[in-house]
Structure formats: C-alpha cells, structure tokens
Amino acid sequence: MALKDFSILFEKVTTTASVKDIGIVSGFNAYSQYIENVCKTQKGELVGDLSIGSDYYSYIFSGQADLGLLQSALAAYIQDAVPNLTKVSVIVNSFTIDTIQFTVFYSISNGINNQSSASTFIEVEI
C-alpha cells in the first residue's frame, strides 16, 4: 500500500514505506500528542509560551522522589496546558535512572462527542 509522504520541500510524494515522516493528527488522537508535548517539554523552554511544559525535573532531582507529589504535579501541568481535559490523573508505572514511564488518564469532550476514561502512555528520558 502506497502512503502519501512529504519531501524535504513539503511536496507530496508516494512511498511504499509503512512509516510516515510527517502526518497530521486530528480529533481525540491529537490530545495524546498534546499531552506528550507537555510532558516532554521543560517548563519555560518554549520562548513563545513559557507556561507550557512540566517541571518534573525539580521533583526527580530534589532528593526526595515523592511519587505522589510528582503524579499530582504532572496532572496539574497537563490540565493547565490542555484546558479541554477533565478528570486528569497520572500513574507512574516505572521510574529508573534513565526513564520515567507513566500513564495519563483523562476525559474529554469536543462539544459533540464525549470520551471518558481515555489514557495516554508516556515515556520520558531523564
């Protein structure tokens, strides 16, 4: 099956590869990407909007490693950055020296359709 992809000049090309370099995500699937971007962006890193991102490094490297506090803080950062989400909660699945893996649970409505009990799995390299 040939997929549409983009060249370096952003012209559409046909390819037989099963993975696309660039793709457009819309609808409820876009919210998973929004959440991932918030989690993988350090708060204050984006000059255009200094409020987007999370400050999980301060919790990880504080020496206390309180997972409950980290989970609450991540949920608050996500809720703040993506206002259409409700009932946001975070569960840390794995915490190693190299990565932190967690699942974000949330509900969302686009005005017509409601999606409750949605989740996104996130892995962030430390």
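This is a short talk on the core, one helix and two unusual residues of a predicted model.

Okay, let's start in the middle. The largest nonpolar core here has 25 residues. If you want to find it on screen, click on Ile 35, Ile 78, Leu 85, Phe 102, Val 104 and Tyr 106, which have the most contacts inside it. Several elements give two or more residues to this core: helices 1, 2 and 3, plus strands 3, 4 and 5. Which helix gives the most? That's helix 3, with six residues.

Now zoom in on Val 104. Skip its neighbours within four places in sequence, and you'll still see contacts with Ile 35, Ile 78 and Val 88, among others. Ala 118 and Ile 122 are on that list too, and so are Ser 89, Ser 119 and Thr 120.

Back to helix 3, which runs from 67 to 81. With 15 residues, helix 3 spans 21 Å from first C-alpha to last, close to the 21 Å expected. Its buried residues are Leu 70, Gln 71, Ala 73, Leu 74, Ala 75, Tyr 77 and Ile 78. And what covers them? The cover includes helix 1, helix 2, strand 3 and strand 4.

Last stop: two oddballs in the backbone. Lys 87 sits in strand 3, and its phi is near 55°, a positive value in a residue that isn't glycine. Ser 117, over in strand 5, also isn't a glycine, and has a positive phi of about 55°.

So are these two buried or exposed? Lys 87 counts as exposed because its relative accessibility is 70%, and the cut-off is over 50%. Ser 117 counts as exposed as well, at 65%.

Methods: Residues are numbered from 1 along each chain as its sequence is written. This is a predicted model: local features need pLDDT of at least 70, side-chain atom pairs count only at pLDDT 80 or more; totals for chains, interfaces and linings use all residues. Side-chain values use heavy atoms; hydrogens and water are left out. A nonpolar core is a set of buried Ala, Val, Leu, Ile, Met, Phe, Trp, Tyr and Cys residues joined through side-chain atoms within 4.5 Å. Buried means under 20% relative accessible area, exposed over 50%, partly exposed in between (1.4 Å probe, protein chains only). Helices (H or I, at least four residues) and strands (E, at least two) are DSSP runs, numbered from the N terminus. Contact means heavy atoms within 4.5 Å. The expected span of a helix is 1.5 Å times one less than its number of residues.
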